Every structure is written in structure tokens, then in C-alpha cells.
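Grab a coffee and work through these exercises with the model open beside you. Each one sets a task and then walks through a solution.

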Amino acid sequence: MQYFVHNNKKGILLSTAGGSYDNPGDDPQNKSSLFGKILFIELKSKKNYLYSYGHRVIQGLFAANDIILSTEHGPRGGDEVNKILFEKNYGWPIASYGEKYSFDYEKKPTYKKNHQEEGFEEPLFSFITAIGISEIIKLPNNFSPHYENKFIISSLFGRSIFIVNFDKNFTRVINYEKIFLNERIRDLKYDIKNKLILLALEENGELGILSLK
């Protein structure tokens, strides 16, 4: 969940999963279903409505000003970083750069590989093979002069964090730096006061702390 202001109304963005294995059904493409969506819930009226759809399993959300970014598990491969736009369709389970877990690579692809040709939004970036993508946060510019305007993406299967550089308008990933930690990282938070990156390490229920020192 993330706090967000939409059409001058304060609320929260909430993501829901939409079929995570080989038989996802049609919920992510069905606008009357709550699943496979990002929903906006107004704090005052408690009204909720669809913000975007066609999602598989969103693991991380970033929202600030008018920019919303999500990190999303693909199927077998194809983890995505998406720029979320109001009422746009992100293609699942019709389009994905991943494949079914049971997929036979001697056969034709199960999912469409060009989102745009099918009328869907293309991901800003797709990790092939998948990294088990999890959270995304923005590093404050005072953390380090070497990491201004950078984001951190964490991973489970990849056992790493990725320092990511987007272009000015968030239309693509320019580059990323992979830092291998040999831990499954489920969540990230930033401690503003102490300039620390906090990591939720999944396997042993531990807290990881990264600093410049």
C-alpha cells in the first residue's frame, strides 16, 4: 500500500494478486473483479475504484507526486518494473515476457511477447531470467552524491539489491548496479534520521542494515 493523492482526493493505493501460477483465470482482465488490480481507496469516503489492471503479483509500490512505480512477479521469468498510469492495462495473463512453469520450450510461447501490439502497457524493464523481484524504494539524494535520483529494488531468488537509474520521465531504465548479499530480501525501508537502508531478510527472520560506513 502507498499513500497517494488522486484528483485532489487523499487515499491509498492497494495492490491485489491475480492468478500466480499456470491457470490464472480471467480476473486480472475482468474489471468487475478486485483481483489482479491496483485499487485506489479514498480516505474520506472509503470509496474504492480501479486504478490499473492486468497485474499478476505486485510485490512493491512507490508513489510520490504523480509517479507510481510497481515491481511485479512474472511467471517463469519476466519479472517487471512498471510505471502505473490511471486505468491502463498491463497485460496479464495475455502478455508476459515469462512463461508457464510447465512450459515446453520446443512449443510456441504461451503468452504474447509484445505488450504494446496487444494494446497493453509495456514494462519499463523486465528481468530475464526472473530475480524474484520484491520491494522498490527511492533513496533520498542526501544518502550519497553517488546515488542521487536512484531507486533500490530488492529480490528473493536473486539474493541481491539493484540500484536503478531511470530516465527523467520514467520511460525506461538507463542502467542498474547489482549488489549481491546472498539473502532473500522480502522488504525494504529507509531510515531518514540515521541514513540507513533496512532489509527484511526472509530465511531466518533477520533485519539487515546497510550504511555508507
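**Warm-up: one phenylalanine**

Phe120 is buried, its relative accessible area being 10%; buried means under 20%, exposed over 50%, and partly exposed in between, using a 1.4 Å probe and protein chains only. Before going on, note that this is a predicted model, where local features need pLDDT of at least 70, side-chain atom pairs count only at pLDDT 80 or more, and totals for chains, interfaces and linings use all residues. Residues are numbered from 1 along each chain as its sequence is written, and side-chain values use heavy atoms, with hydrogens and water left out.

**Exercise 1.** Find where Phe120 is located.

*Solution.* Look between E8 and E9: Phe120 is in the loop there. Strands (E, at least two residues) and helices (H or I, at least four) are DSSP runs, numbered from the N terminus. Next, pick Asn8, which is 112 residues from Phe120 along the chain; their C-alpha atoms are 27 Å apart.

**Exercise 2.** Work out the strand order and the edges of the five-stranded sheet.

*Solution.* Start with the rule: two strands pair if DSSP finds at least two bridges between them. Following the pairs gives an open sheet in the order E1-E2-E3-E4-E8, with mixed pairing. Now the edges: strand E1 (2-6) and strand E8 (88-89) each have a single partner strand, so one side of each has no neighbour in the sheet. Inside the sheet, strand E2 (residues 9-15) and strand E3 (residues 37-42) are antiparallel and share five bridges. To check one by eye, go to Ser15, whose bridge partner in E3 is Ile38.

**Exercise 3.** Do the same for the four-stranded sheet.

*Solution.* The order here is E5-E6-E7-E9, again an open sheet, with antiparallel pairing. Strand E5 (57-64) and E9 are the edge strands, each pairing on one side only. E5 is joined to strand E6 (residues 67-73) by seven bridges, and the two run antiparallel. One spot to click on is Ala64, which has Ile67 as its bridge partner in E6.

**Exercise 4.** Classify the ring pair Phe125 and Tyr176.

*Solution.* Rings of Phe, Tyr and Trp (its six-membered ring) pair if their centres lie within 6.5 Å; planes under 30 degrees apart are stacked, over 60 edge-to-face, and the rest tilted. That rule gives 15 aromatic pairs. For Phe125 and Tyr176, the centres are 5.8 Å apart and the planes at 75°, so this pair is edge-to-face. Phe125 belongs to strand E9 (residues 125-127) and Tyr176 to strand E13 (residues 173-180), so to speak distant parts of the chain, 51 residues apart. Both count as partly exposed: Phe125 at 26% relative accessibility, Tyr176 at 38%. Elsewhere, ring pairs join Phe62, Phe151, Phe166 and Phe170 into a cluster.

**Exercise 5.** Track down the largest cavity and the largest pocket.

*Solution.* On a 1 Å grid over the protein atoms alone, a cavity is a set of points where a 1.4 Å probe fits but cannot get out; a pocket is an open set with protein on both sides within 12 Å along at least five of seven lines, and lining residues have an atom within 4 Å of a point. Grid points are joined across faces, edges and corners, and a volume is the space filled by probe spheres set on the points. The largest cavity has a volume of about 70 Å³, and its lining includes Arg56, Glu72, Tyr90 and Trp92. The largest pocket holds about 380 Å³. Of its 19 lining residues, Gln2, Glu135, Ile136, Ile137 and Lys189 lie nearest its centre.
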